[in-house]
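Reader: I am new to reading protein models. Please take me through this one, starting with how its chains meet.

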Amino acid sequence: MYKLPGTDERSVTIPGEPTAADPCFTVRKLTRTYRTGRRRDRHVVTANDAIDLDVRRGEIFGLLGPNGAGKSTLVRQLTGLLRPDTGTIDLLGHDLVRRPETAARLVAYLGQESGALDELTVALAIETTARLRALDATRARAERDAVLDELELGAIADRPLKKLSGGQRRLACVATALVGARPVLVLDEPTTGMDPVARRAVWAAVDRRRAEQGATVLLVTHNVIEAETVLDRVAVLDEGRVIACDTPGGLKAMVGDEVRLDLVWRADPPMDDPAVSMLAQTAVRTGRRWSTRMEPGVARELLAGVTSGPAFEALDDFTLSTPSLEDVYLALGGRHQGLVKG
Amino acid sequence: MRVSTPVSAASIETAPARPAEAVAPAPTTSLGAGLLTVYRAQLSRVRVSRVPLLFVAVFQSVGIMILMRGVVDTGSDSAREAVVAGSSVLVVAFVALNLLAQHFGNLRAANALDYYLTLPVRPAAVVLGMAAAYASFTLPGTVATAVIGALMFQLPLANLWVLLLVVPLSGAALAGIGAVFGLLAPRPELATLLGQLGMSAALLLGVLPEDRMPELIVVARDLLPSSYGVDAFIASYGDPDWAAVGGNLAVCAAVGVVMLSLATWSFRRSTRS
Ligand SMILES: Nc1ncnc2c1ncn2[C@@H]1O[C@H](COP(=O)(O)OP(=O)(O)OP(=O)(O)O)[C@@H](O)[C@H]1O
Ligand SMILES: [Mg+2]
């Protein structure tokens with residue numbers, strides 16, 4: 001169970017008790033529109049359209065979806081930054097629509113942009129955030145040092161954020177979100193621009209907060225690998241609606257046992273090859289890559305045909321893979337292809 | 001405390017909805033601690049740009065004094081005092097009004113106020129911390145301008161300490177206006193424009209002796225808060241009129257309170273709309 005700093009221990013700690021069934025966020029019929037354009041070409045964008053969502057305590061919950069799906073709009077309402085047009089949000093027993101300012105006392109939020117801290121050094125940005133989370137000076141410095149170590153930011157601690165590389169800056173911003181424990185973390189694309197080492201450090205840090213403090217994590221992502229590795233459950237958003245919500249495994253089961261065959265050509269493939277001509281009819285082509293979904297048996301046969309015949313000379317690379325969340329998203333009728341793989 | 005008897009997952013799911021106890025929110029940051037933290041962060045933020053910025057501010061004010069030497073009647077005490085006091089307070093207007101309006105406008109446009117709004121810190125602490133930081137950058141520049149001006153126009157340096165009151169109080173008024181411009185302007189360019197207009201007004205209405213102005217301009221000058229800072233400073237020259245110093249500073253303080261409260265309100269309003 002999560003323990004709040006500075007509150008009476010007896011009233012909030014229930015040792016050894018699972019709390020997974022308790023709700024963290026309960027969202028009902030959440031709708032939010034934006035008015036854009038001037039005068040004549042004025043129109044309304046429905047960024048969130050009657051969203052229902054249940055995030056349980058202690059889970060790492062993901063929001064996956066293409067650009068403009070409404071992910072940031074949703075989390076900005078869940079952190080009290082935007083007022084919904086209609087709908088309700090309950091956060092750990094608090095009505096966030098009526099009292100949006102309560103969110104700041106329960107949630108650590110990492111926004112998609114980081115403007116407010118750009119000119120501070122990494123260490124001061126973290127310490128400032130800790131102080132603004134009501135930690136006293138000593139605690140703030142101690143927690144700053146701990147998170148600098150945890151994310152291996154020591155070497156760049158004294159450099160201003162705006163002089164760092166994109167990935168380093170993002171990592172420093174993640175550090176500000178992690179300082180000063182909170183029962184809920186809401187992170188909007190935390191790992192954008194990070195190399196695999198930094199990404200892993202963030203995932204480990206997030207997982208540690210859940211394991212040690214029972215924190216609930218809501219994570220926005222475009223990255224299907226991230227979604228498959230770290231998330232307990234995922235909601236797939238498209239055009240302002242939740243089009244699916246399940247564990248990554250559960251979602252993948254929805255697309256059945258189809259597999260995906262990816263071929264990358266170095267030269268024009270020989271069309272007279274029967275396997276190639278069959279693939280040519282169904283493959284989705286992106287540059288030199290052909291991608292097809294099919295039954296595993298068929299895929300094996302076609303792959304054998306391609307790799308044993310003359311087409312093999314023209315082939316650069318091939319992969320046969322089980323469904324990813326990207327396939328799930330496409331199978332669900334997501335209209336965009338904006339998800340990043342890798 | 002709940003007793004941990006073995007219950008199946010299914011029975012948890014189907015049990016009558018037991019309202020989970022609400023988690024107590026963490027404490028909020030006190031106004032003082034929040035203000036100091038924001039102030040400290042802002043000072044460090046402009047550490048790099050402070051020197052060139054003050055140079056620009058002082059250079060501008062000294063330039064104006066040089067120009068005015070050819071224009072005003074340097075034989076008249078009131079004219080010389082008006083030029084030096086107006087140019088000194090102009091430094092405050094340049095930084096606290098103009099640059100703060102710009103800064104808040106940019107923060108808002110970049111959704112960067114989200115950072116503060118998602119921390120348990122009071123809007124008043126953020127607004128006051130930033131305003132205090134911007135107002136305090138101006139002190140060295142204001143003093144430098146006043147000293148240079150006193151030497152150029154043969155004015156006494158004895159009561160220069162009055163600036164220690166003039167800068168924070170007119171700083172509060174002007175920073176408050178700057179913050180309101182930055183937070184209420186619908187677009188950042190408009191915030192910059194308003195900040196610049198405010199500074200131009202302080203320049204045009206501040207550096208001329210009041211007794212030479214047409215009626216209408218005097219009214220405009222009376223409506224401009226920076227004029228009271230200028231008048232307080234003027235009153236400290238020669239044979240000081242302490243009542244006038246106090247009265248003018250009181251107006252600055254009152255405008256400061258009103259504008260900073262308005263800025264705090266606009267800060268809250270700015271994103272949760
Ligand atoms: N301030 C705004 N004014 C007008 N329209 C907006 C605004 N913010 C977002 N939108 C629109 O609302 C929709 C959802 O935007 P949102 O930022 O929530 O998407 P997202 O899922 O976070 O996308 P991304 O992956 O690119 O971050 C988009 O169509 C976007 O153009
Ligand atoms: Mg987004």
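Reader: How many residues does each of chain B and chain A bring to the contact?
Author: This is a predicted model, where local features need pLDDT of at least 70, side-chain atom pairs count only at pLDDT 80 or more, and totals for chains, interfaces and linings use all residues. Residues are numbered from 1 along each chain as its sequence is written, chains are lettered from A and ligands numbered from 1 in the order in which they are written, and side-chain values use heavy atoms, with hydrogens and water left out. Contact means heavy atoms within 4.5 Å. On that basis chain A gives 47 residues, and chain B gives 39 residues.

Reader: What area do chain B and chain A bury between them?
Author: The size of an interface is often given as the accessible area lost when the parts come together. Here that loss is taken with a 1.4 Å probe and summed over both parts. Carbon and sulfur atoms hold 58% of it, and the total is about 3900 Å².

Reader: Which residue of chain B forms a salt bridge with A:Arg76?
Author: A salt bridge needs a side-chain nitrogen of Lys or Arg within 4 Å of a carboxyl oxygen of Asp or Glu. The interface has 3 salt bridges by this rule. For A:Arg76, the closest N and O atoms are 3.0 Å apart, and the partner is B:Asp114.

Reader: Which helix supplies the largest share of the side of chain B that touches chain A?
Author: Helices are DSSP runs (H or I, at least four residues), numbered from the N terminus. Helix H2 (31–45) and helix H5 (113–117) of chain B each supply at least two residues of that side. The largest share is 8 residues, and it comes from H2(B).

Reader: How far is a polar side-chain atom of A:Lys71 from an oxygen atom of ligand 1?
Author: A residue is near a molecule if one of its heavy atoms lies within 4 Å of it. Ligand 1 has 15 residues around it, and A:Lys71 is among those that come nearest, as are A:Ser72 and A:Thr73. A polar backbone atom of A:Gly68 is 2.8 Å from an oxygen atom of the ligand. For the side chain of A:Lys71, the distance is 2.7 Å.

Reader: How much of the accessible area of ligand 1 does the protein cover?
Author: Accessible areas come from the Shrake-Rupley method with a 1.4 Å probe. On its own, ligand 1 has 640 Å², and the protein covers 65%.

Reader: Which element gives the most to the shell around ligand 1?
Author: Helix H2 (71–78) of chain A is one of the elements that give two or more residues. With 3 residues, the top contributor is H2(A).

Conventions. Buried area is the accessible area (1.4 Å probe) that two parts lose on being put together, summed over both. A polar contact is a pair of N or O atoms within 3.5 Å; within protein, one must be able to donate a hydrogen and the other to accept it, and residues adjacent in sequence count only if both atoms are side-chain atoms.
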